[in-house]
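I opened this notebook page to record what I looked up, one place at a time. The entries follow the order in which I went through them.

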Amino acid sequence: MTVSSGPELAVGDTAGHTGSFSPAHDPRALAELIVDLQSAGLRLETEIERRRGGAGPSDSGMLWVEGTAVTVPTETDAARTSPYVLRAEDEGYGIYRDGERLASASGAERPRFYDMTTSDGIPYWKIALMHLDSLASTVVQTCAYWGKSDQCTFCGIGVSLDSGRTIVKKTPAQLAEVAVAAKTLDGAVDATLTTGSSLGVDRGARYVARCGNAIKEASGLPVEVQFEPPLDLDVINEVGDLGIDSVGIHVESFDPKVLGEVAPAKARTGIEHYFRAWERAVSVFGEGQVSSYVILGMGEDPDLTIEGCRRAIDIGVYPFVVPIRPVAGSLMEDVTPPSRQYTERIYRRVAAYMTARGLKATGVAAGCARCQACSAVNAIQNLMQIGPRPGGGS
Ligand code: SF4
């Protein structure tokens, strides 16, 4: 299936990355390269660590490009024919286009804690994974919507469970044990926990928060937990009482028509209930500590998307804008990611609102908006603050 990413929005042609404008020397060129890579994907001539399956729009390769954390599509049809190629070098990797070396890259080493097992014989890597420098886990690998007409079409939560790569439910004690090892052996700087949804009034928030609390108590790592808006908003205060640092409550799209198509259960919750949940969460966790995925490339109206982001930013919510990452085995596995021209235009508008409102990724304690590897919005925000390139151009 190919999903329209909405009308093309013209930006300057910045495809060339030569001389002093190479990503190694110019933060503007690096931001442009990251936006382009996240659209076009990266052709692999070597093996790298990848994220597979899990909740949300997730399949991707994980790299540091010139020291910046980036996830990029590597397994999609577009990625297999991408003009960008990753080649192994004596030390790390190089990213090439048309035979020209554009940037250096390094991959994540296999984490040392992956070789450990719990006392009941479960490999640590089935409990949590390293996503670059963040420890990540889907604490309940089932969702009330999975396999039904309510299933989110971009999601892969059941895929990794079916493949045997994880267990159905992780306990707080297991997660705490793994977090201590991930911090001490592999330098994890935070933990990002998500969960499938339940039909209870808390939608699974209480359990994922208990898991986050156990990690924090044992390891001291800052923790983000992600959940659907609880029916009873007082649950958000309970999550705060457990010492959680940041929360992700993901609306996925501000276009109600698209939301109804890709996430019917979330559409029934209604975008206004997301705003009510976010307002409560900002009052508990503070401005910038509440974020929402906003996925681009699902056919959404870009104006509705930008307006929704602006409204969220106004109340202190960080809109974590990302291009769709088709997950193999999900209902959107064959979707073509949106063009760089489309995503960059939205990034720029959202970044400008965030700067005016004083929201920055550096102020986020934990989770996806802290890591930023799946989005280029922070790179674009930094680029806009640097100002235009001497002699013109963007
Ligand atoms: S609510 Fe949607 S995105 Fe979240 S786990 Fe369930 S199906 Fe996946």
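**Loops, ligand shell and helix H9**

I began with Gln 372, which I found in the loop between helix H12 (368–371) and helix H13 (377–386). The model is a predicted one, and in it Gln 372 has a phi near 70°, a positive value in a residue other than glycine. I noted this because most residues other than glycine have a negative phi. I then looked up its accessibility, and at 6% relative accessibility Gln 372 counts as buried, because the cut-off is under 20%.

I turned next to Glu 252, which lies in the loop between strand S12 (246–248) and helix H7 (256–262). Its phi, near 75°, is again positive in a residue other than glycine, and Glu 252 counts as buried at 6% relative accessibility.

Gln 141 was my next entry, and I located it in the loop between strand S9 (134–138) and helix H3 (157–162). With a relative accessible area of 4%, Gln 141 is buried. I looked up what its side chain meets: it reaches the backbone oxygen of Ile 157 at 3.1 Å, and a polar contact of 3.3 Å joins it to the side chain of Lys 170.

Ile 157 came up again when I listed the residues around the ligand, which are Cys 143, Tyr 145, Cys 152, Phe 154, Cys 155, Ile 157, Gly 196 and Ser 197. Sorted by class, I have this shell down as 6 nonpolar, 2 polar and no charged residues.

I then checked the length of helix H9 (residues 271–285): at 1.5 Å a residue its 15 residues should span 21 Å, and the end C-alpha atoms are 20 Å apart, which agrees. Among the buried residues of H9 I wrote down Tyr 274, Phe 275, Trp 278 and Phe 285. The residue that follows H9 is Gly 286, whose phi is positive, near 100°.

Which kind of pair do the rings of Phe 275 and Trp 278 form? I first noted that the structure holds 6 aromatic pairs. The ring centres of Phe 275 and Trp 278 are 4.9 Å apart and the planes stand at 70°, so I entered the pair as edge-to-face. Phe 275 and Trp 278 are 3 residues apart in helix H9, and therefore separated by about one helical turn. Phe 275 is buried at a relative accessible area of 5%, and Trp 278 counts as buried at 0%. Ring pairs link Phe 254, Tyr 274, Phe 275 and Trp 278 into a cluster.

My last look-up was for charges over rings: the charged end of Arg 311 sits over the ring of Phe 275, 3.7 Å from its centre, and that of Arg 87 sits over the ring of Tyr 96, 4.7 Å from its centre.

Note on methods:
Residues numbered from 1 in each chain as written. Predicted model: local features only at pLDDT ≥ 70, side-chain atom pairs only at ≥ 80, totals over all residues. Heavy atoms only, no water. Helix = DSSP H or I, 4+ residues; strand = E, 2+ residues; numbered from the N terminus. Buried < 20%, exposed > 50% of the residue type's maximum accessible area, 1.4 Å probe, protein only. Polar contact = N/O pair within 3.5 Å; in protein donor to acceptor, adjacent residues only side chain to side chain. Near = heavy atom within 4 Å. Nonpolar A, V, L, I, M, F, W, Y, C, P; charged D, E, K, R; others polar. Expected span 1.5 Å × (residues − 1). Phe/Tyr/Trp six-rings, centres within 6.5 Å; stacked < 30°, edge-to-face > 60°. Lys NZ or Arg CZ within 6 Å of the ring centre and 35° of its normal.
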